[in-house]
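Take a look at the chain below. We will walk through its helices, its charged pairs and its core.

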Amino acid sequence: EIALPLVNSSLSDPEILIRQEAAIALTRISGSNAIPALIVYLSEFSDAGDQETAKTALMSVAGAGKITLLRPVLREGPAAARKSSVELMAWTKSNEFFKDVLPFTSSDEPEVKSAAFKALAALASDENQTELIELLAATEDTSLVSEVQSAAAKAAGSIADPERRTDMILK
């Protein structure tokens with residue numbers, strides 16, 4: 001713990017390898033107390049390697065309850081950090097994040113948009129069928145259509161009564 005200030009400052013080192021090692025070390029030393037520093041790291045460095053390291057570090061110390069801390073990054077962060085935030089929200093498989101992610105299916109940034117579409121299946125529940133059907137009707141890109149179809153199928157499949165699973169789709 002004596003090294004904690006040095007490790008924290010290393011998260012903003014100009015060398016990517018030092019930043020990555022610092023993120024890993026910080027999770028080992030501080031556990032979930034590292035989350036705020038890791039979120040700053042995720043937000044400040046857009047390199048793919050930094051993003052992967054930050055996501056892995058966050059997954060090792062944060063559950064769904066702590067992933068809520070990424071909401072400001074999702075709204076205001078740079079594109080790479082928004083994409084990573086969407087992916088982390090999807091990782092939780094918590095419907096709590098569906099409404100956070102859905103608006104990013106219309107993002108002008110292709111990587112954020114793609115991540116949002118991919119996340120839908122992990123986040124959807126029966127309560128989201130209407131939004132998914134509307135999105136399906138508005139989506140023209142065939143690869144994105146398949147993502148919405150998967151999410152709609154997952155949402156319908158989450159209905160306990162098998163006879164009601166197609167009710168919303170058939171309306």
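Helices (H or I, at least four residues) and strands (E, at least two) are DSSP runs, numbered from the N terminus. The expected span of a helix is 1.5 Å times one less than its number of residues. Try that on α4. With 14 residues at 1.5 Å a residue, α4 should span 20 Å, and its end C-alpha atoms are indeed 20 Å apart.

Two notes on the source come next. This is a predicted model, in which local features need pLDDT of at least 70, side-chain atom pairs count only at pLDDT 80 or more, and totals for chains, interfaces and linings use all residues. Residues are numbered from 1 along each chain as its sequence is written, and side-chain values use heavy atoms, with hydrogens and water left out.

Now the overall picture. The protein chain has twelve helices and zero strands. Its C-alpha atoms fill a box of roughly 60 × 30 × 20 Å, taken along the principal axes. Of the 171 residues in the protein chain, 44% are buried. Buried means under 20% relative accessible area, exposed means over 50%, and partly exposed lies in between (1.4 Å probe, protein chains only). Contacts come next, where a contact means heavy atoms within 4.5 Å. Among contacts with a separation of 6 or more, 60% join residues 24 or more positions apart.

Back to α4. Its buried residues are D50, Q51, T53, A54, K55, A57, L58 and V61. They pack against α2, α3 (35–44) and α7. How do α2 and α4 sit together? Two packed helices are described by the angle between their axes and the distance between the axes. Here the axes of α2 and α4 come within 9 Å and cross at roughly 5 degrees. Axes are lines fitted to C-alpha atoms, for helices over the stretch in contact, and angles run from 0 to 180 degrees between N-to-C directions. Angles under 35 degrees count as roughly parallel, over 145 as roughly antiparallel, 65 to 115 as roughly perpendicular and the rest as oblique. So α2 and α4 are roughly parallel to each other. Where they meet, α2 offers I16, R19, Q20, A23 and T27, while α4 offers G49, D50, T53, A57, S60 and V61.

Next, the charges. Side chains of opposite charge can pair when their charged atoms come close. A salt bridge is a side-chain nitrogen of Lys or Arg within 4 Å of a carboxyl oxygen of Asp or Glu. The structure holds eight salt bridges. One of them joins D50 and R19, with the closest N and O atoms 2.6 Å apart. D50 lies in helix α4 (residues 48–61) and R19 in helix α2 (residues 16–30), so this pair ties together parts that are 31 residues apart in sequence. Are these two partners buried or exposed? D50 is buried at 1% relative accessibility, and R19 is buried at 6%.

Other bridges stay within one helix. K55 pairs with E52, and their closest N and O atoms are 2.8 Å apart. Both lie in α4, three residues apart, about one turn of the helix. K55 counts as buried because its relative accessible area is 7%, whereas E52, at 43%, is partly exposed. In helix α7, E87 forms a salt bridge with K83, again with a closest N and O distance of 2.8 Å. E87 and K83 are four residues apart, so about one helical turn separates them. E87 is partly exposed at 25%, and K83 is partly exposed at 27%. Salt bridges that share partners join E52, K55, K83 and E87 into one network.

Now turn to the core. In soluble globular proteins, nonpolar side chains tend to be buried together. A nonpolar core is a set of buried Ala, Val, Leu, Ile, Met, Phe, Trp, Tyr and Cys residues joined through side-chain atoms within 4.5 Å. The largest one has 48 residues, and L70, L120 and L132 touch the most other members. Helix α9 gives the most to this core, with eight residues. The buried residues of α9 are V112, A115, A116, F117, A119, L120, A122 and L123. They pack against α7 (79–92), α8 (98–101), α10 and α11 (142–157). Leaving aside neighbours within four places in sequence, L120 is in contact with F98, L102, T105, L132, L135, V148 and A151.

Finish at the surface. E127 sits in the loop between α9 (110–123) and α10 (129–138). E127 counts as exposed because its relative accessibility is 61%.
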